[in-house]
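Good morning, and thank you for coming. Please look at the model on the screen while I describe how its parts are arranged.

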Amino acid sequence: MSPRGTVGEARLDSAKDAYGAGRDVRALCVFGALTALLVAALVANLCVGTVSVPLNQIVPILSGKYQGETASQVIWNIRLPRLCAAALLGGALGLSGLLLQTLFANPIAGPYILGISHGAKLAVAVVMILILGDARVMSSWMSLAAAFCGSLAAMAAVLAVSRKVRSASTLVIVGVMIGYVCSAATDVLITFASDANIANLRNVSLGSVSGVNGGQVALMAVVVTAGSVATFLLSKPLGAYQLGEAYAQSMGVNVRSFRLAVIVISSVLASCVTAFAGPISFVGVAVPHVARRLLKTSRPQVVIPAAFLTGSVACLVCDLIARTLFAPVEMSVSTVTAVFGAPIVIWVLLGRRRQVG
Amino acid sequence: MGQTTQSASGALVETRDLAVGYEGRVLVGGIRLKVCPGQVVTLIGPNGAGKSTILKTIAGQLAALGGCVLLSGKDLSQLPVRARAQELSVMLTDRVRTELLTCADVVEMGRYPYTGRLGGTTPEDRQKVQGTMELLQVWDLRDRDFMQLSDGQRQRVLLARAVCQEPRALVLDEPTSHLDVRYQIELLTVLRHLAHDQGLGILVTLHELPLARRVSDWLVCVKDGVVTLQGTPEQVFVPSVIDALYDLTPGSYDALTGDVLLPEAQGHGREDDAQA
C-alpha cells in the first residue's frame, strides 16, 4: 500500500510552468543587469584615478601595447591587481554573509558584524608582531592561515553564545562586542610594533585593497573560487535549512556535516578578505539582502551567484569612491562600505519589526 | 489490552522498548507502539508527558536512550538520512520563518530526498508539487509569500510539504494547535483521507479529545513516564481511562458526547449541571 506515485497524476504538460511564473525572466534580467554593472565598474576602476586613462587606450594597454609608458604601468601594476582584489573579495564577502545568515537563521549576520573579521585581523597581527617579529616578512600564505585560525576562533565564540541565546539581536550585539575586543587587542599589539610592521598592518587593520600585488591576487583567486564553488554545491541543503534545522534534518540534510561545511567555508572566505584587505564593513550583511530583493526569492541556486556579483559590484564602486573622492588622499574602503551598508542593515531591521508586529 | 486492530507485521513505524528523553535522562520508557499502513495512531496525555519527545525520537531528531525504532522493519539508527526521509516525513510545532519564499517553494522542498545534487526539480517533481497542493487545497496560494498566510493556511502548506515528500509514514506534532475549529476539522479530514485512501501510516499528537476520538484508529496514552494504555477509541474513551489519564475529578468526562465538563463552582450549583 505505498502512496508513491498516487499524488498528482494529471496535467503533465501544463505543470511545467504552473507556479513561479516569470521567475526565470526576472532572474535573467537581474543577472544581465548585474553583469553590465560589473563590466562598467571594472572599466571605471581602470580609467579613473590620479592618472586618467582614456577609454580607447584600455584595450591596447591590456593587450600589451604601450609597454613601459606610465599609463600602462599604472594599469598593470596598480589598478588591475587592485580591481581584481576588490571584485574577488566583494564576492567572497557576499557569500560569507549569505552562509552566516543561513547558519544562524539571522538576517543581520555577517562576518564583520559577528566579529569574525576582527578575530582574523587579531590573529594576523599576533603572528606578524609576536611570532615573526622583525626577523621575517610574512608571506601571503601565512597571513591567510593566521586569518583562518582567527576567524574560526571568533566563530567558535559566536557559536557558543548562539546556543545560549535565542534572540537574533542579542547574538549580533555579542558579535559586535567580540569584534571590539579583538580590535582593541590588535591596537595594543600595533602600539608595540616596529614601523615596518605598522606599515604592513595598516591594510589589515583598517580595511583597504590598496597595494595588493599580482601574486596575492592569484592566491585570492584560487581561494575565493574554491570557496564560491563549494558554496554553490551547498545550495540544496542551504535551501532546506531555511525552514529550520529540524525540518532540514527530516528532509535528509546531514545537519552536523552541513553546519561544519558552512562554518569552514564562510571562515575561509571571510579570512581571505581580512588577510589581504582587512575587515571590510557591512558588505557581507547587506549584499545577500540586496540580491534576494532583486530576485524576489531566497532560493540559493540563484541567490548565490547573484550575491557574488552584487558583492563584487559593491566593492568595486566603494573602492573607486574611496580612492577618488578626496584624491590624492585615500579613504579605507571600509569607510565607504559602511556609509552604504549600514542604512541597508537598518532598513532590513525595520522591515523585520513590521513583519513581526 | 490486545492489539486487536493492529497487524503483527508490516508496520511502517514500530518501537521496541523505546526509551526517550533529553541528555541521557529518560522521560518515557518501555514504549512499544506500531503504526500500520492506513492507520491514524494518536498519542494523548497531559502536557509534559513526553508525547513530542517520542515523536522527535521516532523522526530521528533525538537519539533513542534505549530500545529501537523500526521504519518498515529497518532500524532507524542504521538508515541513511535520504532513505529515512523517503520513509517518514514530519510536521513540527517549530515556528517556520521564511524570507521571500512562496508556498510552492516551501512545498517543493518536500522533493528534497528525490532531487539531484543541486536540488533541480524535474517536470515530474513539479507535477507532484501541484498534485499535493491541490489535494490540500492550497494550490491557489502557490505564488503567495509563505509569511503572508494565516495560521490555518500555513499549517496546510506545511502539511502539503510533508505529503509531497511521499513518505510511507507521516509524523505530526500537534497539527491542530493555533487553528480554529473549522481548520481543525478540515486538517483531520485530510489526515483520514491520506491514511484510509492513500495507505499512509500517520502518527500524531492531539490535545483536543473530541477530535482525537473522531480521527484515530488507535490511541496511545502517555503519562508519568510510561504508556499507560493503548487501544481503539472505544477502549480508550471511557470515563475511567480519561479521568485517570488527565487527573480529572471522576465524572468530568462524558463518554457519550466526548465533552469534558467543568466542575461545579462551589456554592453556586447550576441547574443544567444537575440535569447532566
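**The sheet of chain B**

In chain B, E7(B) pairs with strand E8 (residues 169-173) in the parallel sense, over four bridges. As a reminder, strands of a sheet pair through backbone hydrogen bonds, either parallel or antiparallel. Within this pair, Val171(B) in E8(B) is the bridge partner of Val90(B). I should state at once that this is a predicted model.

The pair belongs to an open sheet of six strands in chain B, ordered E7-E8-E9-E4-E10-E11, with mixed pairing. Which strands lie at the edges? They are E7 and E11 of chain B, each of which pairs on one side only. From one strand to the next, the twist averages 15 degrees.

Two helices lie across this sheet. Helix H1 (residues 51-58) of chain B crosses strand E4 (40-44), E8, strand E9 (201-205) and E10, and runs at about 145 degrees to E9(B). Helix H6 (residues 181-198) of chain B lies across E4, E8 and E9, at about 150 degrees to E9(B).

Let us pause at one residue of helix H6 of chain B, Asp197(B). Is Asp197(B) buried or exposed? A residue with 12 or fewer other C-beta atoms within 10 Å of its own is called exposed. Asp197(B) has 11 C-beta neighbours inside 10 Å, and therefore counts as exposed. Its C-alpha atom is separated by 7.4 Å from that of Gly38(B), although the two residues are 159 residues apart along the chain.

**The two domains of chain B**

Chain B is divided into domain 1, covering 13-237, and domain 2, covering 239-276. The C-alpha centres of these two domains of chain B lie 32 Å apart. Their contact takes 11 residues from domain 1 of chain B and seven residues from domain 2 of chain B. On the side of domain 1, the elements that give two or more residues are helix H7 (209-215), strand E10 (218-223) and strand E11 (226-231) of chain B. The largest share, three residues, comes from H7(B). By class, this side of domain 1 of chain B has seven nonpolar, two polar and two charged residues. Strand E11 of chain B thus appears twice in this account, as an edge strand of the sheet and as a contributor to the domain contact.

**Chain A**

Chain A has 14 helices and zero strands. How does its radius of gyration agree with that of a compact globule? For 357 residues, such a globule would have a radius near 21 Å; chain A has 22 Å, which agrees. Along the principal axes, the C-alpha atoms of chain A fill a box of roughly 75 × 50 × 35 Å. Of the 357 residues in chain A, 48% are buried. Among contacts in chain A between residues at least 6 apart in sequence, 78% join residues at least 24 apart.

**Where the chains meet**

Finally, I turn to the contact between the chains, which takes 45 residues from chain B and 37 residues from chain A. On the side of chain B, helix H2 (81-87), strand E7 (88-91), helix H3 (103-108) and helix H4 (123-135) each supply at least two residues. Which of the elements gives the most? It is H4(B), with nine residues. The side of chain B that touches chain A has 19 nonpolar, 13 polar and 13 charged residues. E7(B), with which I began, therefore joins two topics, for E7 is an edge strand of the sheet and also supplies residues to the side that touches chain A.

Technical notes. Residues numbered from 1 in each chain as written. Chains lettered and ligands numbered in written order. Predicted model: local features only at pLDDT ≥ 70, side-chain atom pairs only at ≥ 80, totals over all residues. Domains from an automatic or database assignment. Nonpolar A, V, L, I, M, F, W, Y, C, P; charged D, E, K, R; others polar. Rg over C-alpha atoms; globule rule 2.2 N^0.38 Å. Buried ≥ 20, exposed ≤ 12 C-beta atoms within 10 Å, placed from the backbone. Pairing = 2+ DSSP bridges. Axes fitted to C-alpha atoms, helices over the stretch in contact; angles between N-to-C directions.
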